[in-house]
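Me: I am new to this one. Please show me the sequence and the structure, and then we can go through it in short questions.

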Amino acid sequence: MPLNVADFEFVRTLVSKRSAIVLDSEKSYLVESRLVPVAKSIGLATTSDLVAHLRSSPSSGLHQKVVEAMTTNETSFFRDIHPFEAFKNVVVPDMLKRRESTRQLRIWCGASSTGQEPFSLAMLLRDDFPCLKSWSVRIIATDLSDNVLEKARRATFSQLEVNRGLPASYLVKYFERRGLEWRLKDEICSMVEFGKLNLIESWPAMPPLDVVFLRNVLIYFDVPTKKQILAKVRAGMRSDGYFFLGGAETTLNLDDKFERLDFDRAGCYRLKSK
Ligand SMILES: C[S@@+](CC[C@H](N)C(=O)[O-])C[C@H]1O[C@@H](n2cnc3c(N)ncnc32)[C@H](O)[C@@H]1O
């Protein structure tokens, strides 16, 4: 049974206020199915009971749980491959030249979900750019959801997860078996710093960024929110930095200070020179 209109509206407003994720009315079955486990986890029989509970205790941690339940955490190693190829073939070689004097590289992976994306970048850097070992390289990975951050920090993946996009050579080199699962070796884990960052709240201080990955998250937001987030990305990037969006995302008609680079389907942007 889907939520009644008033309860759906309550959840829609809560999720929008706290994450900017837009829930259309036709998503009411999806919302219901994602709320059932949250209701059960606190011993409530129905999602209507859950909404009643949310209404009566506005400051409980349950609100965050509901917002997290509405996030889509789909990800995989080297997802969509093209951005990673551009990163390897163009972006890092260019940065090696541009940052030769400081030998510092700062990468931010926003909305990083369970960690496959930043870990893919870390493995790629370790594998293809051994010279970076003597550089100061930081990969900062953030998400809104405590759940996914906890899983990312465990750096432990199922067989199914490592079967999706991870080259066999990387599995052999960088993972060790833990029972039925695979744990990333510390040499890769230690390259990624995970932290919480809600894109619609104020952002914690980050160093000026050389490369930003913010993929497959803007699609969930309305136009004003996308514009605000793109402006914040711009402010956080170095003027010669690179910015990657997801395959279904663009800065077009949202922020004219970015220009798209002509890398094959990589969704890569730079700031226009003034
Ligand atoms: C579909 S995943 C994308 C994961 C990864 N970037 C990729 O492309 O494979 C979207 C992620 O965005 C996060 N997210 C949604 N709203 C957010 C917000 N307001 N602030 C930060 N992260 C958010 C979700 O928790 C989820 O992990």
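Reply: Start with a cut-off: a residue is buried if its relative accessible area is under 20%, and exposed if it is over 50%. Keep in mind that this is a predicted model.

Me: Is alanine 20 buried or exposed?
Reply: Alanine 20 sits in the loop between α1 (5–19) and α2 (28–41). Its relative accessibility is 8%. The cut-off is under 20%. So alanine 20 counts as buried.

Me: What is the phi of alanine 20?
Reply: Most residues other than glycine have a negative phi. Alanine 20 is not a glycine, yet its phi is positive. The value is about 75°.

Me: Where is alanine 111, and what is its phi?
Reply: Alanine 111 lies in the loop between β1 (104–109) and α6 (116–128). Alanine 111 is not a glycine, but its phi is positive too. The value is about 55°.

Me: How far is a nitrogen atom of the ligand from a polar backbone atom of alanine 111?
Reply: Alanine 111 is among the residues that come nearest to the ligand, along with Ser19, Thr75, Asp143 and Asn216. A polar contact needs N or O atoms within 3.5 Å. Here the polar backbone atom of alanine 111 and the ligand nitrogen are separated by 2.9 Å.

Me: Which side chain has an N or O atom 3.0 Å from a nitrogen atom of the ligand?
Reply: An oxygen atom of the ligand has a side-chain partner in asparagine 73, at 3.0 Å. For the nitrogen atom, the side-chain partner at 3.0 Å is glutamate 117.

Me: How much of the ligand's area does the protein bury?
Reply: Glutamate 117 has a side-chain N or O atom 3.0 Å from a ligand nitrogen. Taken alone, the ligand exposes 610 Å². Of that, the protein buries 99%.

Me: Where does the ligand sit?
Reply: There are 22 residues around the ligand. By class, this shell has 8 nonpolar, 9 polar and 5 charged residues. The ligand's place is the largest pocket.

Me: Is serine 112 buried or exposed?
Reply: Serine 112 is in the loop between β1 and α6. Its relative accessibility is 1%. Buried means under 20%. Serine 112 therefore counts as buried.

Me: What separates the C-alpha atoms of serine 112 and lysine 65?
Reply: Along the chain, serine 112 and lysine 65 are 47 residues apart. In space, their C-alpha atoms are separated by 18 Å.

Me: How far apart in space are alanine 152 and proline 118?
Reply: Alanine 152 belongs to helix α7 (residues 146–154). It is buried, because its relative accessible area is 0%. In sequence, alanine 152 and proline 118 are 34 residues apart. From C-alpha to C-alpha, the distance is 9.6 Å.

Me: Which residue has its backbone oxygen 3.4 Å from a polar side-chain atom of arginine 183?
Reply: Arginine 183 is part of strand β5 (residues 181–184). It is at 16% relative accessibility, so it counts as buried. At 3.4 Å from a polar atom of its side chain lies the backbone oxygen of arginine 154.

Me: What is the distance in space between leucine 245 and leucine 144?
Reply: Leucine 245 is in strand β8 (residues 237–245). It is buried, because its relative accessible area is 1%. Leucine 144 is 101 residues away from leucine 245 in sequence. Between their C-alpha atoms, the distance is 18 Å.

Key
Residues numbered from 1 in each chain as written. Predicted model: local features only at pLDDT ≥ 70, side-chain atom pairs only at ≥ 80, totals over all residues. Heavy atoms only, no water. Near = heavy atom within 4 Å. Polar contact = N/O pair within 3.5 Å; in protein donor to acceptor, adjacent residues only side chain to side chain. Areas by Shrake-Rupley, 256 points an atom, 1.4 Å probe, with all protein chains shown as cover. 1 Å grid on protein atoms, 1.4 Å probe; cavity = no way out; pocket = protein on both sides within 12 Å on 5 of 7 lines; lining within 4 Å. Sits in = over half its atoms within 2 Å of the grid points. Nonpolar A, V, L, I, M, F, W, Y, C, P; charged D, E, K, R; others polar. Helix = DSSP H or I, 4+ residues; strand = E, 2+ residues; numbered from the N terminus. Buried < 20%, exposed > 50% of the residue type's maximum accessible area, 1.4 Å probe, protein only.
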